[in-house]
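Work through the exercises below with the sequence and the model side by side. Try each task before reading its solution.

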Amino acid sequence: MKDTAGTLEAYLSDSDLHHAMVDANAAIKHDFRFAGAFEVAEVVLQLGAAHGQDVRGGERFGQFKHLWKAYDVRRRVLEKIAQDPSRYTCAAPSCGFRSLKASMLRRCTGTCSRDVKPSYCSKKCQRKEWERHKAVCGPRQRLQKDEILELSTLEIMR
């Protein structure tokens, strides 16, 4: 009998790995997204890559369309977060709140530049962080009544 341990054939025929993929795909299909489902997908992809195989198109693992689609979406989200991590993490050091959606956090509305513009999960965290952040920021410029009148006059003249 031929020893197949450590080969792609062994991984592809592993019933535990297959059952994990079946369960992960079913969970994703029913909108239950959890880290374990994406970890199983990652393991299968890494095993395939280690043996030079595209397991997504294969007979055994290609059938898990819901999982592969959700895996791709999650990977794109994580890449986006990596490009601008401060947009997805509360800037208050003691908070630690993180989100996969930037819309869950509020951006500073001051005049600080985009590269140092923090995000906050609440007004409470923003107030706690203000002492440190105000060195690179400032409140929005408030226009004086004369400036507003001048701007509105210019608009009318256009």
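The exercises go from the whole chain to one helix and then to one residue in that helix. The model is predicted.

**Exercise 1. Describe the fold of the chain in outline.**

Solution.
- Start with the elements: the chain has 6 helices and 2 strands.
- Put them in sequence order: the pattern is α-α-α-α-β-β-α-α.
- Turn to burial: of the 158 residues, 28% are buried.
- Look at the surface: about 11600 Å² is accessible, and carbon and sulfur atoms hold 53% of that area.
- Finish with contacts: among those with a separation of 6 or more, 53% join residues 24 or more positions apart.

**Exercise 2. Compare the span of helix α4 with the expected value, then find what its buried residues pack against.**

Solution.
- Locate the helix: α4 covers residues 65–83, which is 19 residues.
- Take the span: from first C-alpha to last, α4 reaches 28 Å.
- Compare: at 1.5 Å a residue, 27 Å is expected, so the two values are close.
- List the buried residues: they are Leu67, Trp68, Ala70, Tyr71, Asp72 and Ile81.
- Find their partners: the buried residues of α4 pack against α2 (15–29) and α3 (35–50).

**Exercise 3. Is Arg75 buried, partly exposed or exposed?**

Solution.
- Place the residue: Arg75 lies in helix α4.
- Read its relative accessible area: the value for Arg75 is 38%.
- Apply the cut-offs: buried means under 20% and exposed means over 50%.
- Conclude: Arg75 is partly exposed, because 38% falls in between.
- Add one distance: the C-alpha atoms of Arg75 and Phe38 are 9.4 Å apart, with their positions 37 residues apart along the chain.

Methods
Residues numbered from 1 in each chain as written. Predicted model: local features only at pLDDT ≥ 70, side-chain atom pairs only at ≥ 80, totals over all residues. Heavy atoms only, no water. Helix = DSSP H or I, 4+ residues; strand = E, 2+ residues; numbered from the N terminus. Buried < 20%, exposed > 50% of the residue type's maximum accessible area, 1.4 Å probe, protein only. Contact = heavy atoms within 4.5 Å. Areas by Shrake-Rupley, 256 points an atom, 1.4 Å probe, with all protein chains shown as cover.
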